[in-house]
Amino acid sequence: MRTGEALERGLGPEERRRLTEGLLRLLKEQAERYTGGGSSSIPVETARELMDSICFCLGLGKDESGVGALLDRGIEVSFREGLGRIEKKLAWGQKLWSAVRDHMPQVESRSMEDTVRSIGVFWRRYDPRLFAHQIPCDIDYQLAIPVPESRRGVDYVNAYLTRLAVENQFLNRFSGTAEKVLLECWCPGYRELLVNLFEPVFAVALGLELLGREPGPLTLGKEDLGELAELFRDGSRRGLDDLLCGAADRLAVRLEFNGRESREYLRACAAELTPRIATARDVGGLEGIFPPVDGARP
Amino acid sequence: MTNEWLMAPGWMERAEMKLERCNRMTEPYGLVLTQSQMERLTARRREVLRAAGRVEFGEGVLPRLILAFRDSPYLEQHDYEEQLDGLQELFYRLKNECGEGLTDDELIGAMKRLYDGPAGGSLEFLAGVPADDLRRIGRTGSLKGTEWEEEPLDENW
């Protein structure tokens, strides 16, 4: 539990005592708020959830470095400030969500639609005062790079939306028709399945960029895969990484991705391909990474 | 981390002082706790909370149970401690069964209504009352709508 981690890490006995007392004072206040003052006791599970929420608001659980400052400032003051930060994150997240909802890709995905709809419910169900660490919605659509489970509450949702926004922005740079053709070849049931739409489109665009071709058509043939295999043949893992990240940077410029974070995300997605390409290079199966659309698939 | 820190004795307020004050209010009913009885009941509070999987803030529910039940015809000095112990244990168990929809005072009210009425002072009876009935009695303060609803008296009686 985060509280325990915070309490057990390298704190001195005095700091630990002050932190424990402060947390329990907050827990008592939160329990009263939760029961509306009508109950002097709560289930242990509820107490644990309330305490997790308190620690989330205080930013505890990451490391103990800020605990001293937090105690000097006053744990109640820090808690209120934490709630204020969460409110700002919520405002930002709602804007982000509206942008994602209004710029969905032209290709269909049931799970993406359901997820975006469900995040719309999150803003109503989320209770930052009592359960700020919880994520009361269903997030099923898979991202190319999942948000770490260590992110909680609005932090998780905002990180998810940020990544989804970049992925969908990328998809929206291409024609829906070309994407549909590619996705049909890659996974005919993509509309209904829990699959990420961005990955195959990105991989093919990256492959075309590597070959110095215009990525717009999203079409890689058998010969193109052969050329890519040649390109990857002699490189070390590091060399492969540099090759892919360089192509991702060029692709970002070509597609006018100007934000630092979105460029970094595209680089990270390219780097994710390195181990898969290294394996495919040795044992075959590049078409599993760069789905062909012209019959090159075995 | 385990839940041990939540059950740590240091931060739950001690209840003995409050129980001493309760003694003054129950004495007219012939009910008094000795110092050692108060200590035993306070210690038992932690045990029953742990067994029920609950965490309590403040002085605990026992003083409120004492004040609510002090005029019960079924509470007697010879088994006063035993009855309070049973009521305390039952309270936390029933609290779990009823969920957060029922306040402490509503649950105590329902327990008292049943204890003095159909239960005839039996803790076993109270333990077997369905949560739905407890909720209904707690919210309305009456047995109406339960199987123990009193029949109206015949006009010729």
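Glu256(A) sits in the loop between helix H12 (237–254) and H13 of chain A. In this predicted model, Glu256(A) has a positive phi of about 60° although it is not a glycine. That is worth a second look, because most residues other than glycine have a negative phi. Is Glu256(A) buried or exposed? With a relative accessibility of 56%, Glu256(A) counts as exposed.

Leu218(A) makes a good companion to it. This residue is found in the loop between H10 and helix H11 (222–233) of chain A. Leu218(A) is not a glycine either, yet its phi is positive, at about 55°. Its surroundings are another matter: Leu218(A) has a relative accessible area of 1%, so it is buried.

Let us step back to chain A as a whole. Here you will find 13 helices and one strand. Reading from the N terminus, the order of elements is α-α-β-α-α-α-α-α-α-α-α-α-α-α. The C-alpha atoms fill a box of roughly 70 × 40 × 30 Å along the principal axes. Of the 298 residues in chain A, 51% are buried. If you take the contacts in chain A between residues at least 6 apart in sequence, 68% of them join residues at least 24 apart.

Chain A is divided into domain 1 (3–82) and domain 2 (173–298). The centres of these two domains, taken over C-alpha atoms, are separated by 47 Å.

What lies between the two domains? The largest nonpolar core has 100 residues, and those touching the most other members are Phe170(A), Phe202(A) and Phe290(A). Helix H8 (residues 153–171) of chain A gives this core its largest share, ten residues. Both domain 1 (3–82) and domain 2 (173–298) of chain A contribute residues to the core, so it lies between them. For a closer view, pick Phe290(A): leaving out residues up to four places away in sequence, it touches Ala203(A), Val204(A), Gly207(A), Leu220(A), Leu225(A), Leu228(A), Phe232(A) and Ile277(A). There is also a second, separate core of 38 residues, which includes Leu31(B), Tyr92(B), Leu126(B) and Ala131(B).

Now for the way some helices of chain A pack. Two packed helices are described by the angle between their axes and the distance between the axes. The axes of helix H9 (residues 176–186) and helix H10 (residues 198–210) of chain A come within 10 Å and cross at roughly 110°. H9(A) is therefore roughly perpendicular to H10(A). Where they meet, H9(A) offers Glu179(A), Leu182(A), Leu183(A) and Trp186(A), and H10(A) offers Pro200(A), Val201(A) and Val204(A).

H10(A) also packs with helix H13 (residues 260–283) of chain A, at an angle of about 85° and with the axes 11 Å apart. These two helices are therefore roughly perpendicular to each other. On the H10(A) side, the contact involves Phe198(A), Glu199(A), Phe202(A), Ala203(A) and Leu206(A), while H13(A) brings Leu266(A), Cys269(A), Ala270(A), Leu273(A) and Arg276(A).

Finally, turn to chain B and look for Gln83(B) in helix H5 (residues 80–98). Gln83(B) counts as buried, because its relative accessibility is 10%. Which side chain makes a polar contact with that of Gln83(B)? The partner is Tyr115(B), at 2.5 Å. Leaving aside neighbours within four places in sequence, Gln83(B) is in contact with Leu75(B), Tyr115(B), Gly121(B) and Leu123(B).

Key: Residues numbered from 1 in each chain as written. Chains lettered and ligands numbered in written order. Predicted model: local features only at pLDDT ≥ 70, side-chain atom pairs only at ≥ 80, totals over all residues. Heavy atoms only, no water. Helix = DSSP H or I, 4+ residues; strand = E, 2+ residues; numbered from the N terminus. Buried < 20%, exposed > 50% of the residue type's maximum accessible area, 1.4 Å probe, protein only. Polar contact = N/O pair within 3.5 Å; in protein donor to acceptor, adjacent residues only side chain to side chain. Contact = heavy atoms within 4.5 Å. Domains from an automatic or database assignment. Core = buried A, V, L, I, M, F, W, Y, C linked by side-chain atoms within 4.5 Å. Axes fitted to C-alpha atoms, helices over the stretch in contact; angles between N-to-C directions. Parallel < 35°, antiparallel > 145°, perpendicular 65-115°, else oblique.
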